[in-house]
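User: I would like to learn how to read a structure like this one, feature by feature. Where do we begin?

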Amino acid sequence: MFDLQQFLNKLDEMYNNPAGLEDYLADGVKDAEKSQDKGAMLVILNELMGLYRVTSKYDKCTACADKILELCKDLGLEGTVNFATALLNIATAYRVMKRYNEAENYYSQIKKIFDEKLPLPDYRMATLHNNLSLLYSETNRLDMAKDELLMAMDLIKSLENSEIEIAITHTNLGNICFALHQNDQAQEHMLKAVDIFESQKGEKDAHYPSALSGLGELYFSKGELEKSAACYEKALDEIKAHYGINDYYNVTLENLNLVKDTLKRQRAVALSKLKGLDISQKYYETYGKKMLEEKYGNYLDRITVGLVGEGSECLGFDDEYSSDHDFGPSFCIWLDDDLYDEIGDELKSDYDNLPKEFMGFSARNTTVNGKNRVGVLNTNQFYKSILERDFIPYSDDEWHSVEEKFLCTATNGRIFKSSSNSFEKIRRHLSYYPHNVKIQKLAIALGNMAQTGQVNFSRMLKRKDFASAHLCINEFVKYTINCVYILNNTYTPYYKWQFKGMKNFDNMKDVQNLLESIMDTDIRSGEIKEKIEKVCDLVAAELNRQKLSSITDNFLEFQKEEVLNNG
């Protein structure tokens with residue numbers, strides 16, 4: 001006769017020192033089978049399947065699952081709560097193996113049995129909801145994952161002595177809400193989880209560092225770096241206490257170092273009050289210029305140096321918050337094709353060997369998306385990459401095919417050292433639209449301003465379609481911004497910098513404040529119509545001043561036709 005209890009007692013001891021655990025479980029299955037104790041076999045196979053799952057031995061895991069299903073049938077357990085509990089372990093194994101359709105099918109069977117036969121509240125139903133949440137999360141159904149966790153929470157709160165399970169569920173909910181960009185809810189759940197874990201007397205639960213890490217990531221995303229660092233530091237202490245220095249510890253340490261590095265950068269920027277362009281130019285003049293003169297003196301008249309391209313610093317809009325990614329002492333060296341082929345590799349090596357830190361600023365913290373923005377660059381490839389075209393625009397159609405934000409990116413920044421190569425020739429060519437393209441762009445903006453702000457907005461209000469009225473205002477603001485940039489002969493930048501860029505205008509400075517006021521005014525207020533008309537008055541007056549129109553009517557559809565006729 002097989003003594004299951006004795007077997008399990010020794011198994012508990014072996015979990016503390018798992019050497020030989022797989023052989024022990026496999027031998028236990030064989031011994032139970034010899035004794036024809038199918039119940040014992042079922043218990044041990046569940047343990048063995050779990051071991052194979054966590055050790056990624058998926059073929060053996062699948063074989064165990066098949067054997068468990070066979071035993072359940074032989075024992076007449078199908079349709080029972082015990083059968084559903086066995087299926088729960090199998091479904092979890094299939095989920096870990098990413099066999100999601102099979103896992104979901106099993107979860108559906110389990111749910112049906114539990115609904116019919118499991119008296120609630122019961123922890124097994126909460127476990128089912130938690131596992132379904134993981135499945136939905138892994139298959140990018142985050143709203144459904146959140147719903148499952150909320151159902152699990154309702155059940156767990158009904159159970160006695162469930163404080164730790166409640167904290168764990170709050171942690172999971174916090175992570176899901178964060179993934180859904182519901183940051184206020186995420187913070188609320190994470191703080192509740194941390195409060196519960198910290199209320200424990202003595203040693204904290206092993207899940208405590210997960211809550212701390214989640215809260216640290218959330219604070220980092222909100223720019224609350226001191227709080228983020230404090231959370232990660234606590235998490236490291238807890239991970240070390242529970243697990244030692246392992247991969248989990250090292251990943252958390254990397255996150256902490258990222259937070260500390262970002263803090264250091266922000267403080268350096270705030271203290272120096274230097275813009276990224278100024279830092280880059282000083283870095284070039286201190287190190288880069290000497291390197292080029294000493295090693296590449298024969299090529300200096302063919303090398304252009306500066307900082308142009310992607311990144312807020314190239315627009316002069318960077319601040320301490322910009323330093324969290326793709327920021328630091330660096331510059332661009334542009335070479336034409338022939339010179340790039342001749343000295344490009346050697347020059348890259350010399351550039352990479354320049355000092356990484358400068359004037360208290362840490363080395364550039366390059367992200368995956370920020371690769372190849374600085375360093376030694378091929379002129380043609382640089383412009384093709386920025387413009388997302390295989391050509392430099394010359395014809396009207398070619399100019400219209402390039403997005404304006406890309407033209408802004410290609411012509412921003414500053415040149416530190418000029419040369420005779422093609423970089424600045426292309427830069428001058430791209431500096432702004434040819435006159436006829438400018439007129440066409442301006443006419444499009446004027447027509448859209450008229451349609452969205454002077455016509456359709458009023459119609460939507462009459463219909464009491466306030467949602468569409470909001471859309472009209474958004475479109476009016478967007479086209480007005482574009483119009484004002486055109487009237488200042490400046491490319492409209494990426495959307496998040498458009499208002500900031502308007503502060504530098506020589507013409508129509510009052511429009512920015514009017515647009516901000518429109519966006520802050522209640523959509524049902526009659527004030528918006530008045531402000532729209534004031535904006536249109538200013539645009540019409542500027543068209544007259546620049547001799548692009550000779551009529552004073554502020555209806556911009558009329559102004560559009562006049563501009564096209566005069567253009």
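**Reading the model**

Analyst: We begin with one residue: Gln109 sits in helix α6, which covers residues 100–117. Keep in mind that the model is predicted.

User: Is Gln109 buried or exposed?

Analyst: Buried means under 20% relative accessible area and exposed means over 50%, with partly exposed in between. Gln109 has a relative accessible area of 32%, so it is partly exposed. As for distance, its C-alpha atom is separated by 28 Å from that of Ala26, and the two residues are 83 apart along the chain.

User: What does the chain look like as a whole?

Analyst: The chain has 26 helices and four strands. Its C-alpha trace spans about 105 × 70 × 45 Å along the principal axes. The radius of gyration is 33 Å, whereas a compact globule of 567 residues would have one near 24 Å. Of the 567 residues, 48% count as buried.

User: How much of the contact pattern comes from residues far apart in sequence?

Analyst: Among contacts with a separation of 6 or more, 64% are between residues 24 or more positions apart.

User: Which residues does Ala167 touch, beyond its neighbours in sequence?

Analyst: Leaving aside residues within four places in sequence, Ala167 is in contact with Ala193, Ile196 and Phe197. Ala167 lies in helix α9, residues 163–179. Its C-alpha atom is 4.2 Å from that of Ala193, although the two are 26 residues apart along the chain. Ala167 counts as buried because its relative accessibility is 0%.

User: Ile196 is in that list. What lies 2.6 Å from its backbone oxygen?

Analyst: A polar atom of the side chain of Ser199 lies at that distance from the backbone oxygen of Ile196. Ser199 is in the loop between α10 (183–198) and α11 (208–221). With 53% relative accessibility, Ser199 counts as exposed. Ser199 and Glu163 are 36 residues apart in sequence, and their C-alpha atoms are 10.0 Å apart.

User: What about a polar contact between two side chains?

Analyst: Take Asn46, in helix α3 (residues 38–54). A polar contact of 3.0 Å joins its side chain to that of Asn89. Not counting residues up to four places away in sequence, Asn46 touches Ile68, Ala86 and Asn89.

User: Why does Asn46 count as buried?

Analyst: The cut-off for buried is under 20%. Asn46 has a relative accessible area of 19%, so it is buried.

User: Which backbone features should I check?

Analyst: Check the peptide bonds and the phi angles. A cis peptide bond, with omega about 0°, joins Leu120 and Pro121. Pro121 is found in the loop between α6 and α7 (123–138).

User: Where are Asn161 and Met508?

Analyst: Asn161 lies in the loop between α8 (142–157) and α9, and Met508 in the loop between α23 (498–502) and α24 (510–520). Neither is a glycine, yet phi is positive: about 55° at Asn161 and about 60° at Met508. Asn161 counts as exposed, at 70% relative accessibility, whereas Met508 is buried, with a relative accessible area of 13%.

User: How are the surface and the charges of the chain described?

Analyst: The accessible surface comes to about 28,500 Å², and 47% of it belongs to carbon and sulfur atoms. The chain has 68 positive and 89 negative charges, whose mean positions are 3 Å apart.

Technical notes
Residues are numbered from 1 along each chain as its sequence is written. This is a predicted model: local features need pLDDT of at least 70, side-chain atom pairs count only at pLDDT 80 or more; totals for chains, interfaces and linings use all residues. Side-chain values use heavy atoms; hydrogens and water are left out. Helices (H or I, at least four residues) and strands (E, at least two) are DSSP runs, numbered from the N terminus. The radius of gyration is taken over C-alpha atoms; the globule rule is 2.2 Å times the number of residues to the power 0.38. Buried means under 20% relative accessible area, exposed over 50%, partly exposed in between (1.4 Å probe, protein chains only). Contact means heavy atoms within 4.5 Å. Accessible areas come from the Shrake-Rupley method with a 1.4 Å probe; for residues, only the protein chains shown count as cover. Lys and Arg count as positive and Asp and Glu as negative; His and the chain ends are not counted. The place of a charge is taken as NZ of Lys, CZ of Arg, CG of Asp or CD of Glu. A polar contact is a pair of N or O atoms within 3.5 Å; within protein, one must be able to donate a hydrogen and the other to accept it, and residues adjacent in sequence count only if both atoms are side-chain atoms.
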